[in-house]
Amino acid sequence: MVRIVVTADLHYNISRSREPARRVADDACSAGGDAIVLVGDTAGAATGPLLECLRLFERFPGRKLLVPGNHCLWCRDGEDSLTRYESVVPAVAAEAGFHVLDHDPVVIGDVGLAGSIGWYDYSFADESLDIPEPFYRAKVAPGAAAVLTEHRWLVEAHRPRLHERHYMLGARWMDGRYVRLGMSDEEFLGLLCDKLAGQLRRLADSAGGIVAFTHHLPFDELVPRNRPDRFAFAAAYMGSPRLGRVLLSEPKLSHVFCGHSHWPGRWEIDGVTVVNVGSTYSNKRLEVLEL
Ligand SMILES: [Fe+2]
Ligand SMILES: [Fe+2]
């Protein structure tokens, strides 16, 4: 039997998350297992809290695996997010004995573990809001664009389509400010999908069963819906069905674990068990899978 302990969204850089993160790390270490997987948003731009959080798992007896989240790609001055993804986060992880699953899958017993931060392409945007796509690309809702000098041109360009409900919507998706990919979100997602597909092919040759971990959401079923407009705007950034298509194309896949939405749940999708860990800022959750 292989026992995998999973948590997500520890957000250790945020003060109200620190004590709950310490508690859940303690619980995970006591629970024990063959692997612990942190499915994204462990900390933010500063690497100190990331290292400190990973070290909370020091006494965990099994493999320590990390999937970055979008917050892990937030940049300090002069940084870019790809370097953070490919080098900075893996180096900090290694200091604490963690392996970044995105860059190399692992096999434990007969179980293959694949991982990807995943990303978004606005496919999950809430259509009822009827926000023109350029606002999603800029990661500002119309009400926010109207008061931000660098984004006001969007309001000018799309004024005929905008109405009162749009101007009431002052939300921003802060990746727009802190993530610097040097390519579009769709291009980054495409790279990640190719990488994940490659991992699944490799694991299909070497493992009897496969479990995948993606920070962003691969299926529409997981996207929180019917929420107030300020939250509904965020649906565009929850993930992409492209991730889901890659995952479901591998017949040996039995489970997928996600984070990011801070919305716990469990679904059966095309014979695959899909779990959103659903940690919030103040309440952290653990999942245990035994195969
Ligand atoms: Fe998060
Ligand atoms: Fe996230």
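The domain assignment splits the protein chain into domain 1 (3–125 + 179–290) and domain 2 (132–167). Such bounds come from an automatic or database domain assignment. The C-alpha centres of domain 1 and domain 2 lie 31 Å apart. Nine residues of domain 1 are in contact with eight residues of domain 2, where contact means heavy atoms within 4.5 Å.

This is a predicted model: local features need pLDDT of at least 70, side-chain atom pairs count only at pLDDT 80 or more, and totals for chains, interfaces and linings use all residues. Residues are numbered from 1 along each chain as its sequence is written, chains are lettered from A and ligands numbered from 1 in the order in which they are written, and side-chain values use heavy atoms, with hydrogens and water left out.

Start with the metals. Asp9 (OD), His11 (NE2), Asp41 (OD) and His262 (NE2) coordinate the iron ion (ligand 1) at 2.1 to 2.3 Å. Donors are N, O and S atoms within 2.8 Å of the metal (3.2 Å for Na, K and Ca); water is not among the atoms, so sites may look incomplete. Along the chain, the donors of the iron ion (ligand 1) follow the spacing D-x1-H-x29-D-x220-H. The angles among the four donor atoms of this ion run from 89 to 170 degrees, and the site is irregular. By the criteria used, four donors count as tetrahedral if all angles lie between 85 and 135 degrees; four count as square planar and six as octahedral if opposite donors are over 155 degrees apart and all others between 65 and 115; anything else is irregular.

Now the second ion. The protein donors of the iron ion (ligand 2) are Asp41 (OD), Asn70 (OD1), His215 (NE2) and His260 (ND1), at 2.1 to 2.2 Å. The spacing of these donors along the chain is D-x28-N-x144-H-x44-H. The site of the iron ion (ligand 2) is also irregular, with angles of 88 to 157 degrees among its four donor atoms. Asp41 coordinates both ions, and the iron ion (ligand 2) lies 3.6 Å from the iron ion (ligand 1). The pair Asp41 and His260 links distant parts of the chain: Asp41 is in the loop between β2 and α2, His260 in the loop between β8 and β9 (265–269), 219 residues apart. Helices (H or I, at least four residues) and strands (E, at least two) are DSSP runs, numbered from the N terminus.

How accessible are these ligating residues? Asp41 counts as buried because its relative accessibility is 2%. Buried means under 20% relative accessible area, exposed over 50%, partly exposed in between (1.4 Å probe, protein chains only). His260 is buried too, at 6%. His260 also has a positive phi of about 75 degrees, although it is not a glycine.

His11 deserves its own look. This residue sits in the loop between β1 and α1. At 0% relative accessibility, His11 is buried. The side chain of His11 makes a polar contact with the side chain of Asp9 (3.4 Å) and another with the side chain of His262 (3.2 Å). A polar contact is a pair of N or O atoms within 3.5 Å; within protein, one must be able to donate a hydrogen and the other to accept it, and residues adjacent in sequence count only if both atoms are side-chain atoms. Leaving out residues up to four places away in sequence, His11 touches Ser17, Asp41, Thr42, His71, His262, Tyr281 and Lys284.

Move on to helix α1, which holds Arg22. Arg22 is partly exposed, at 33% relative accessible area. Its side chain makes a polar contact of 3.1 Å with the side chain of Tyr12. Beyond neighbours within four places in sequence, Arg22 is in contact with Tyr12 and Leu56. Arg22 and Lys139 are 117 residues apart in sequence and 32 Å apart in space, C-alpha to C-alpha.

Next comes helix α11 (residues 241–248), whose buried residues are Leu243, Gly244, Val246 and Leu247. They lie on the same side of α11 because they cover an arc of only 160 degrees around the axis. The arc is that of the directions from the helix axis to the C-beta atoms. The buried residues of α11 pack against α9 (185–206), β7 (209–214) and β8 (253–258). At the start of α11, a side-chain oxygen of Ser240 comes to within 3.0 Å of the backbone nitrogen of Arg242.

Last is Asp130, in the loop between β6 (111–116) and α4 (133–138). Asp130 is not a glycine, yet has a positive phi of about 55 degrees. With 38% relative accessibility, Asp130 counts as partly exposed.
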